[in-house]
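Let's take a walk through this protein together, one piece at a time. Keep the picture open beside you as you read.

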Amino acid sequence: MPPLGMGQAHSAVAYAIKKSVLPPINKDTKCVDCGGQAKHYDHRDYNKPLEVEAVCQKCNMRRGPAIPNLKYKLVIQKHYLFKDQMLELMRLNEKTGIPASRTIRDAIDQFLNTKRK
Ligand SMILES: [Zn+2]
């Protein structure tokens, strides 16, 4: 799964370029890290979708992933869970380190097994 908010941040940059808020990357755009030919706008934090820097492919890889935007996690979970269920799941995850996705899968398995009997 890509980092949360990545798709939304990339869409925001594409839209900003289209609306001339950000200059498009072209052959004259330099990588801010090494001065080479820039290929992408890099995010360090998906919570700030328009805070980007032009980088080359190599520096982009070296920089690693940006900070995820957890707002999108809450939106995704809200569709499937009631608020108290979501909070309980987050508490459980904090206490045990078991990922929320596994707890949900286990609960579904348990439910299906109960129904089959
Ligand atoms: Zn570079």
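How many Å should the 14 residues of helix α4 span at 1.5 Å a residue? They should span 20 Å, and the end C-alpha atoms of α4 are 20 Å apart, so the two values agree. You can find this helix at residues 83-96. Helix α4 is hardly covered, though: the count of buried residues among its 14 residues is 0. Just after α4 comes Gly97, with a positive phi near 80 degrees.

Let's pick one residue from that helix. Met86 sits in α4, and it counts as partly exposed because it has 16 C-beta neighbours inside 10 Å; a residue needs 20 or more to be called buried. Now look for Ala100, which is 14 residues away from Met86 along the chain. The C-alpha atoms of Met86 and Ala100 are separated by 9.1 Å.

Time to step back and see the whole thing. Keep in mind that this is a predicted model. The protein chain has 5 helices and 2 strands, and reading along the sequence gives you the pattern α-β-β-α-α-α-α. Of its 117 residues, 14% count as buried. Now take the contacts between residues at least 6 apart in sequence: 39% of those join residues at least 24 apart.

How far can you trust the picture? The mean pLDDT of the protein chain is 87, and 90% of its residues reach 70 or more. Confidence is highest in β2, at 98, and lowest in helix α3 (residues 71-80), at a mean of 66. Where pLDDT is low, the predicted coordinates should not be read in detail.

Next, go back to the beginning of the pattern. Helix α1 has 13 residues and reaches 18 Å from its first C-alpha to its last, close to the 18 Å expected at 1.5 Å a residue. After α1 you meet Ser20, which is found in the loop between α1 (6-18) and β1 (40-43). What is the sign of the phi of Ser20, which is not a glycine? It's positive, at about 60 degrees. Most residues other than glycine have a negative phi. Is Ser20 buried or exposed? With 8 C-beta neighbours inside 10 Å, Ser20 counts as exposed.

Stay in that loop a little longer. Val32 lies between α1 and β1 too, and it counts as partly exposed because it has 14 C-beta neighbours inside 10 Å. Which residues does Val32 touch, leaving aside its neighbours within four places in sequence? They are Glu53, Ala54 and Val55. Cys59 is 27 residues from Val32 along the chain, and their C-alpha atoms are separated by 9.0 Å.

Finally, let's go inside. The largest nonpolar core has 8 residues: Cys31, Ala38, Tyr41, Val52, Ala54, Val55, Cys56 and Cys59. Which strand gives the most to this core? That's β2 (residues 52-55), with 3 residues. Ala38 is a good core member to click on. Leaving aside neighbours within four places in sequence, Ala38 is in contact with Ile25, Thr29, Lys30, Cys31, Ala54, Val55 and Cys56. Try tracing those contacts yourself, then look at Ala54 and Val55 again, as Val32 is in contact with them as well.

Key
Residues are numbered from 1 along each chain as its sequence is written. This is a predicted model: local features need pLDDT of at least 70, side-chain atom pairs count only at pLDDT 80 or more; totals for chains, interfaces and linings use all residues. A nonpolar core is a set of buried Ala, Val, Leu, Ile, Met, Phe, Trp, Tyr and Cys residues joined through C-beta atoms within 7 Å. A residue is buried if 20 or more other C-beta atoms lie within 10 Å of its own, exposed if 12 or fewer, and partly exposed in between; C-beta atoms are placed from the backbone. Helices (H or I, at least four residues) and strands (E, at least two) are DSSP runs, numbered from the N terminus. Two residues are in contact if their C-beta atoms, placed from the backbone, lie within 7 Å. pLDDT is the predictor's confidence in each residue, from 0 to 100. The expected span of a helix is 1.5 Å times one less than its number of residues.
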